[in-house]
Amino acid sequence: MDYEKFYASRVSIMRPSDIRELLKWSLDKSVISFAGGLPDPKLLPKSFELEGCFEYLMAKNEYAFQYGETEGVGELKKEVVRFSKKYGNIDANENQVIITTGSQQALDIISRLFIDKGDYVIVELPTYLAALQVFNLSEPRYVGIQMDEKGMRTDILEDKLRELKSNGILPKFVYTVPTCQNPSGTSMSIDRRKHLLELASKYDFLIVEDDPYGYITFGDEKVERIKAMDKEGRVIYLSTFSKIFSPGLRVGWVIASEELIRSIAIAKQGMDLSTSPVSQYIALFAMEKGIIEKRIPIIVGEYKKKRDVMLQSLESYMPSETRWTKPIGGMFIFVWLKDMLDTKLMLEKAIKNYKVSYVPGRSFFIDGSGRNTMRLNFSYPSEEQIREGIRRLSNLIKEEYGSTS
Ligand code: PMP
Ligand code: G9A
């Protein structure tokens, strides 16, 4: 059957995600996977934590198993408000919150609400692949802003904004993952966060602050949410239960002005009516019982150990002319190899011969750069797998360096 003629034209823009394509390797036990951004399987909810949850759901039967309001379960929104204030210093009321089917749905809604074909959207270089995947469907024009160890170079952003303005162009929004970014692991400095807000005000654009990792930072560094400093209602803040509890629930949240929440809710109505009330009540149970607050320090402790093992292994095994980021939290380290190497071309050899996988960095860059980069995830593999996997990867890289020198 030739289905081509039935497809809408947007189907030609759809691309499979390198991350999702690589997920199958996380199921092959012989391959050590640094690819998917999966939480540690040992840190998924435990039966003792969820004891009583079924009875709780049954007690809420007529809500949990019924259709729910698009904006989300009221009590869960209250918990999100409390949590965001306590851990993120964000002031919000319940009407400024909407529960989404993961942050991924929020990205989809943002794409539909704000991007007309040809609109300008500003992203980091590199940026989160699945955000690009969903924004692409609205056919924006991207402007990519370089990053360094302090996150997005807002000085470069300012130059670009000036240039765009002189051509009569105003971008719709800047998309940023300012804390422990996916994929680079980098966090934006406080000065740059403030600068970004000043620029948003001066050049009149919105900021989409995507923050799945801000609650799992390892040290005493205080990361002030951009949303916490937002005086004008320009920041649309996204977060999720995926990394602090369970991605299988598919529950995330958005905090934005009441006006924007109303538009987001209307867009969401036509997508899924509401996020699964069963999932929302499980998240509520975990919030009310303090399960999430108890497990955050455990996740932080475990991931910190894994990050340290990965950094030490990179230090011990990697050949010179290889560099990497040193994240203060989250789940990813980003690696740069010698310029002439192409990590996408190396991947097959990595998986077949060296039994190790990673995400080639190129797909995270909107400008086609990053061929010599790779993203390594440290939350999913065990400490032993991290040591062994980095040893294998280093051997591959040494072999590639040998054949190019
Ligand atoms: N944004 C970023 C930056 C992410 O890393 C992820 C998950 N990998 C998401 C959004 C999507 O998360 P969720 O599971 O909440 O849809
Ligand atoms: O499995 C996914 O697609 C979510 C993880 C994203 C990532 O690896 O960045």
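A polar contact is a pair of N or O atoms within 3.5 Å. With that cut-off in mind we can turn to this structure, which is a predicted model, and begin at ligand 1. A polar side-chain atom of Tyr 128 lies 3.3 Å from a nitrogen atom of ligand 1, and because a polar contact reaches to 3.5 Å, this pair falls within the definition.

Oxygen atoms of the ligand are approached as well: an N or O atom in the side chain of Tyr 213 is 2.5 Å from an oxygen atom of ligand 1, while a polar side-chain atom of Arg 250 lies 2.8 Å from an oxygen atom of ligand 1. Taken alone, ligand 1 would expose 390 Å², and the protein buries 93% of that area.

Looking at the surroundings as a whole, we find that 13 residues surround ligand 1, the closest being Ser 103, Asp 210, Tyr 213, Thr 240 and Ser 242. This shell is made up of four nonpolar, six polar and three charged residues, and the element that gives the most to the shell is helix 5 (residues 102-114), which supplies three residues. The space that ligand 1 takes is the largest pocket.

From the ligand we can move on to the aromatic rings, of which a search of the whole structure finds 14 pairs. One of them is formed by Tyr 56 and Phe 285, whose rings are edge-to-face, with 5.1 Å from centre to centre and 65° between the planes. This pair links distant parts of the chain, since Tyr 56 belongs to helix 2 (residues 53-59) and Phe 285 to helix 10 (residues 277-288), 229 residues apart.

Methods:
Residues are numbered from 1 along each chain as its sequence is written. Chains are lettered from A and ligands numbered from 1 in the order in which they are written. This is a predicted model: local features need pLDDT of at least 70, side-chain atom pairs count only at pLDDT 80 or more; totals for chains, interfaces and linings use all residues. Side-chain values use heavy atoms; hydrogens and water are left out. A residue is near a molecule or strand if one of its heavy atoms lies within 4 Å of it. A polar contact is a pair of N or O atoms within 3.5 Å; within protein, one must be able to donate a hydrogen and the other to accept it, and residues adjacent in sequence count only if both atoms are side-chain atoms. Accessible areas come from the Shrake-Rupley method with a 1.4 Å probe; for residues, only the protein chains shown count as cover. On a 1 Å grid over the protein atoms alone, a cavity is a set of points where a 1.4 Å probe fits but cannot get out, and a pocket is an open set with protein on both sides within 12 Å along at least five of seven lines; lining residues have an atom within 4 Å of a point. A molecule sits in a cavity or pocket if more than half of its atoms lie within 2 Å of its grid points. Helices (H or I, at least four residues) and strands (E, at least two) are DSSP runs, numbered from the N terminus. Ala, Val, Leu, Ile, Met, Phe, Trp, Tyr, Cys and Pro count as nonpolar, Asp, Glu, Lys and Arg as charged, and the others, Gly among them, as polar. Rings of Phe, Tyr and Trp (its six-membered ring) pair if their centres lie within 6.5 Å; planes under 30 degrees apart count as stacked, over 60 as edge-to-face and the rest as tilted.
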